[in-house]
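Q: Please take a close look at one strand of this protein. How is it placed, what does it pair with, and what can be said of the parts around it and elsewhere in the chain?

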Amino acid sequence: MRWSRSYIPTLKEAPADAEVISHKLLVRAGMIRKMTSGIYTWLPLGLRALEKAKAIVRREMNAAGACEILMPMVIPADLWIETGRWDKFGDQLLRFKDRNGRDCCLGPTHEEAVTGLLRGEVRSYRQLPLNVYQIQTKFRDELRPRFGLMRGREFLMKDAYSFDADDAGADKSYMAMRDAYHRIFSGMTLDFRQVEADTGAIGGNFSHEFMVLAETGEDSIASCTGWPGCEWAANVERAPVVTAFKEDSAPCPPMEEVATPNQHSIEEVCAFLGVESRALIKTLLLVADGAPVAVLLRGDRELNEIKLTKLLGADRLAFASPEQVREWSGAPAGFAGPAGLKGVDRLYADNELKSGNDWIAGANRADTHVRHLSLIRDVTLPVTWADLRNAVAGDPCPRCGRPVELKRGIEVGHIFKLGTRYSDAMHAVFLDESGREQPMIMGCYGIGVSRVIAACIEQNFDGDGIMFPPPLAPCDVHLVCLDPQNAGVAAKADALNADLTALGLETLYDDREERPGVKFKDADLIGLPAQVVVGGKSLARGEVEVKNRRSGDRTTLPAEGFREAFAVWYQGVLRSWRP
């Protein structure tokens with residue numbers, strides 16, 4: 001791949017709207033360009049990296065027994081109406097009418113489409129199990145597209161769907177996909193974790209996410225410090241909190257009010273009273289399906305809305321407005337408390353609060369809190385105890401009891417065991433051995449193929465640019481000819497290019513008439529695993545300079561016998577990427 005014959009528009013500066021490193025470097029390295037908000041064009045080098053990712057995904061999916069298909073991106077509304085998601089999916093679903101006035105959408109995911117396809121094709125248990133997948137463009141109309149490829153509106157996704165005759169078969173299909181995902185992300189040389197996750201809008205019985213670990217990740221992951229001995233990890237939204245405590249039944253002094261003028265937040269109250277936030281109870285007022293609910297947490301904890309939503313069995317959950325807070329508590333926001341709360345009849349408390357019996361909380365009166373609050377003695381509403389908070393570092397691992405740690409991660413894959421949610425709704429049935437109709441047991445399995453490229457860069461970069469792992473690099477070697485006007489140098493560079501091709505390697509051959517400094521900077525910016533530099537001075541010594549982009553190590557190889565020497569040296573480059 002000669003630079004002079006390709007389109008690689010590198011930039012010195014990142015665009016002003018680029019927030020994360022992958023967005024900045026992909027644009028600067030001439031790999032993508034923004035068309036409009038959340039929608040990008042892939043340029044030649046970026047497309048090569050994307051094709052490498054697709055090839056790895058396709059190889060492992062085929063090896064796992066999945067069959068590749070390609071479904072339309074445009075899906076008629078009728079299918080989504082059958083499952084109830086036409087109304088429930090939300091504004092991310094881009095809806096439109098065709099010329100005949102029929103409602104359609106651009107597919108953000110294809111559960112309905114694939115179920116509609118196979119319900120008329122699969123009629124017997126002898127046709128099961130079946131797993132089909134596609135690698136296709138998806139569209140989700142994100143409210144705030146950001147972070148380049150990480151949160152775009154249009155993206156490339158691998159989505160697979162399994163169909164089984166029974167739960168045992170569905171479990172086997174799920175595990176096969178889980179194992180394939182481990183091979184896919186290991187094959188990409190990514191540092192990742194499989195974590196327990198919430199099923200979200202897709203639904204289903206249980207699911208796992210695959211997270212590439214990176215400080216810029218949007219998701220917080222709780223994982224056992226005993227890894228890899230204990231492999232437990234979960235998205236913080238899903239992580240159960242195993243509260244290790246003894247219930248506090250010690251006597252508590254009589255509750256008393258204390259003036260806290262204009263001290264609304266936990267931080268303000270703590271500073272005013274000279275106490276730590278762990279000494280406070282915060283009372284959160286919410287609306288669940290139109291009804292008021294109160295939730296109690298320790299002052300230094302955060303509510304896990306997913307846990308609460310599942311506990312309540314609610315479809316919609318939102319925090320109360322300031323007007324609702326005043327109506328239900330009799331006080332402005334910041335002064336609600338569990339003692340004497342009159343506008344709410346459902347009160348939920350996090351399990352951790354059982355470990356204390358002497359709290360500070362709002363008094364349900366403006367500018368007033370109470371000391372020495374006992375949840376046992378002073379709260380008249382019946383309390384439902386539950387795990388309601390987000391996990392924090394140091395909580396015990398629910399599997400082995402060791403402390404957990406929090407890491408940041410980028411979701412690149414998600415697998416779901418769907419059960420019969422879609423097959424029941426769409427009457428996707430088969431005849432069992434007795435000739436009776438049974439719903440197919442489904443699973444779905446997604447990988448954000450374009451997001452993988454961004455996640456890879458978020459994990460592999462330095463101050464000079466990208467450091468592509470060999471499996472995802474657009475090319476294997478960056479060959480730099482420092483003086484293409486010098487016939488001898490150019491001829492040697494051409495010969496080395498032929499040598500590299502003979503070794504089965506793909507080369508980006510920089511044959512531009514540019515200053516050496518520009519070429520060196522571009523080579524580090526693009527970040528191919530190996531660099532080969534051909535210049536007049538080194539050739540005069542009978543040498544060619546090579547560089548391992550990841551380690552930064554430079555050395556020289558003989559110009560004569562280069563192919564054999566490079567083959568040995570390049571194996572060292574590959575080894576530097578292995579765990």
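A: A residue is called buried when its relative accessible area is under 20%. The model examined here is predicted. With that cut-off, strand E7, residues 130-139, is mostly covered, since eight of its ten residues are buried.

The pairing of E7 comes next. Strands of a sheet pair through backbone hydrogen bonds, either parallel or antiparallel. Strand E3, residues 67-68, pairs with E7 in the parallel sense over two bridges. Strand E8, residues 154-164, pairs with E7 in the antiparallel sense, and here ten bridges are found. Tyr 133 of E7 has a partner in each of these strands: Glu 68 stands opposite Tyr 133, and in E8 the bridge partner of Tyr 133 is Ala 160.

The approach to E7 contains a cis peptide bond. This bond joins Leu 128 and Pro 129, with omega at about 5°. Pro 129 belongs to the loop between helix H5 (111-118) and E7.

On the other side of E7, the loop between E7 and E8 holds Leu 149. Leu 149 counts as buried because its relative accessibility is 11%, under the 20% limit. Leaving aside residues up to four places away in sequence, Leu 149 touches Leu 26, Ile 32, Tyr 40, Trp 42, Ser 450, Arg 451 and Ala 454. Leu 149 and Ser 22 are 127 residues apart in sequence, yet their C-alpha atoms are 8.1 Å apart in space.

Among the contacts of Leu 149 are Ser 450, Arg 451 and Ala 454, and these residues are listed as buried in helix H12. Helix H12, residues 449-459, is mostly covered, with eleven of its eleven residues buried. The buried residues include Glu 458 and Gln 459 as well as Val 452, Ile 453 and Ile 457.

Arg 451 leads from this helix to a cavity. One cavity of 30 Å³ or more is counted, and the largest cavity has a volume of about 30 Å³. Its lining consists of Met 150, Glu 218, Asp 219, Gly 409, Ile 410, Glu 411 and Arg 451. These lining residues divide into two nonpolar, one polar and four charged. Strand E21, residues 404-419, supplies the largest share of the lining, three residues.

Other loops also have backbone features worth noting. The peptide bond from Trp 227 to Pro 228 is cis, with omega near 5°, and Pro 228 lies in the loop between strand E11 (219-224) and strand E12 (233-235). Two asparagines have positive phi values. Asn 262, which is not a glycine, has phi near 60° and is found in the loop between strand E13 (256-259) and helix H7 (266-273). Asn 364 likewise has a positive phi, of about 60°, and is placed in the loop between strand E18 (359-362) and strand E19 (368-373). Their accessibilities fall on opposite sides of the cut-offs: Asn 262 is exposed because its relative accessibility is 56%, whereas Asn 364 is buried because its relative accessibility is 10%.

Strand E19, which follows the loop of Asn 364, contains Thr 368. Thr 368 is buried, with a relative accessible area of 10%. Residues up to four places away in sequence being set aside, Thr 368 touches Glu 257, Val 258, Thr 260, Phe 335, Gly 362 and Ala 363.

A further sheet can be set beside the pairing of E7. This sheet is open and has five strands in the order E28-E27-E29-E30-E31, with mixed pairing. Its edge strands are E28 (507-510) and E31 (554-558), each of which pairs on one side only. From one strand to the next, the twist averages 25°. Within the sheet, strand E27 (residues 477-481) and strand E29 (residues 530-534) run parallel and are joined by five bridges; Val 477 has Ala 530 of E29 as its bridge partner. Helix H14, residues 516-526, lies across E27, E28, E29 and strand E30 (543-548), and runs at about 175° to E27.

To return to the strand that opened this account, E7 is mostly covered, pairs in the parallel sense with E3 and pairs in the antiparallel sense with E8.

Key
Residues numbered from 1 in each chain as written. Predicted model: local features only at pLDDT ≥ 70, side-chain atom pairs only at ≥ 80, totals over all residues. Heavy atoms only, no water. Buried < 20%, exposed > 50% of the residue type's maximum accessible area, 1.4 Å probe, protein only. Helix = DSSP H or I, 4+ residues; strand = E, 2+ residues; numbered from the N terminus. Pairing = 2+ DSSP bridges. Axes fitted to C-alpha atoms, helices over the stretch in contact; angles between N-to-C directions. Contact = heavy atoms within 4.5 Å. 1 Å grid on protein atoms, 1.4 Å probe; cavity = no way out; pocket = protein on both sides within 12 Å on 5 of 7 lines; lining within 4 Å. Points joined across faces, edges and corners; volume = space filled by probe spheres on them. Nonpolar A, V, L, I, M, F, W, Y, C, P; charged D, E, K, R; others polar.
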